[in-house]
Amino acid sequence: RNRQKLARARAVSEARRSVCEAELQAFDDRRTTLSRAAFHNLLGAYIKLIADWGRKASLVAEYFKEELQPGKAVEVVGVRGEGPDGRCTGVLEDIDEATGRWVVSMPGGARSA
């Protein structure tokens with residue numbers, strides 16, 4: 001009779017172990033799916049944020065492109081020999097292709113890039 005009880009207990013234990021393993025596998029599958037979904041949502045939000053920054057940056061770039069045109073008067077800061085604060089006015093000429101900087105005509109005919 002004890003052997004029958006032991007055999008039934010082992011069968012019940014094995015059935016419960018199988019159920020637990022199945023539930024753990026289902027949990028692991030859901031966890032992976034949920035992790036992927038969370039990562040996918042975060043990545044989507046990040047891409048939208050970067051795209052939004054890109055749109056805003058392009059608007060600013062267009063504004064500056066329109067702002068800086070040849071013939072436009074500018075104030076140059078940090079010019080040696082131009083008073084105590086190193087400021088002077090100049091006129092934009094063109095962009096130096098080698099450096100990518102604007103060439104500015106300064107008072108007295110000097111040019112600077």
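**A long helix, its salt bridges and a hairpin**

Let me begin with Arg 17 and Glu 21, which both lie in helix 1 and stand four residues apart, about one turn of the helix. Please keep in mind throughout that what we have in front of us is a predicted model. Between these two residues there is a salt bridge, in which the closest N and O atoms are 2.5 Å apart. As a general point, side chains of opposite charge can pair when their charged atoms come close.

Arg 17 also has a partner on the other side in sequence, since its side chain meets that of Glu 14 in a salt bridge of 2.5 Å, N to O. Glu 14 and Arg 17 are three residues apart in helix 1, and therefore they are separated by about one helical turn. As for exposure, Glu 14 counts as partly exposed because its relative accessibility is 37%, Arg 17 counts as partly exposed at 41%, and Glu 21 likewise counts as partly exposed at 44%.

How many salt bridges does a search of the whole structure find? The search finds three, and one of them joins the side chains of Asp 52 and Lys 56, at 3.4 Å from N to O. Asp 52 and Lys 56 again both lie in helix 1, four residues apart, about one turn of the helix. Salt bridges that share partners, meanwhile, join Glu 14, Arg 17 and Glu 21 into one network.

Let me stay with helix 1, which covers residues 2-67 and includes Leu 49. Leu 49 belongs to a nonpolar patch on the surface, together with Phe 39, Leu 43, Tyr 46, Ile 47, Ile 50 and Trp 53, and these residues have about 730 Å² of accessible area together. Leu 49 itself has a relative accessibility of 39%, so the residue counts as partly exposed.

Now we turn to the strands. Strand 2, residues 87-96, pairs with strand 3, residues 101-105, in the antiparallel sense over five bridges. The two strands form a hairpin with four residues between them, and in the turn Gly 100 has a positive phi of about 80 degrees. Within this pairing, Ile 95 stands opposite Trp 102 in strand 3.

Finally, which residues make up the largest nonpolar core? There are six in all, namely Val 74, Val 79, Cys 88, Leu 92, Val 104 and Met 106. If we leave aside residues up to four places away in sequence, Val 74 touches Cys 88, Leu 92 and Val 104, and also Thr 89, Gly 90 and Val 91.

Conventions
Residues are numbered from 1 along each chain as its sequence is written. This is a predicted model: local features need pLDDT of at least 70, side-chain atom pairs count only at pLDDT 80 or more; totals for chains, interfaces and linings use all residues. Side-chain values use heavy atoms; hydrogens and water are left out. Two strands pair if DSSP finds at least two bridges between them. A nonpolar core is a set of buried Ala, Val, Leu, Ile, Met, Phe, Trp, Tyr and Cys residues joined through side-chain atoms within 4.5 Å. Buried means under 20% relative accessible area, exposed over 50%, partly exposed in between (1.4 Å probe, protein chains only). Contact means heavy atoms within 4.5 Å. Patches are made of residues with over 30% relative accessible area and no salt bridge: like charges are joined within 9 Å, nonpolar side chains (Val, Leu, Ile, Met, Phe, Trp, Tyr) within 5 Å. Accessible areas come from the Shrake-Rupley method with a 1.4 Å probe; for residues, only the protein chains shown count as cover. A salt bridge is a side-chain nitrogen of Lys or Arg within 4 Å of a carboxyl oxygen of Asp or Glu.
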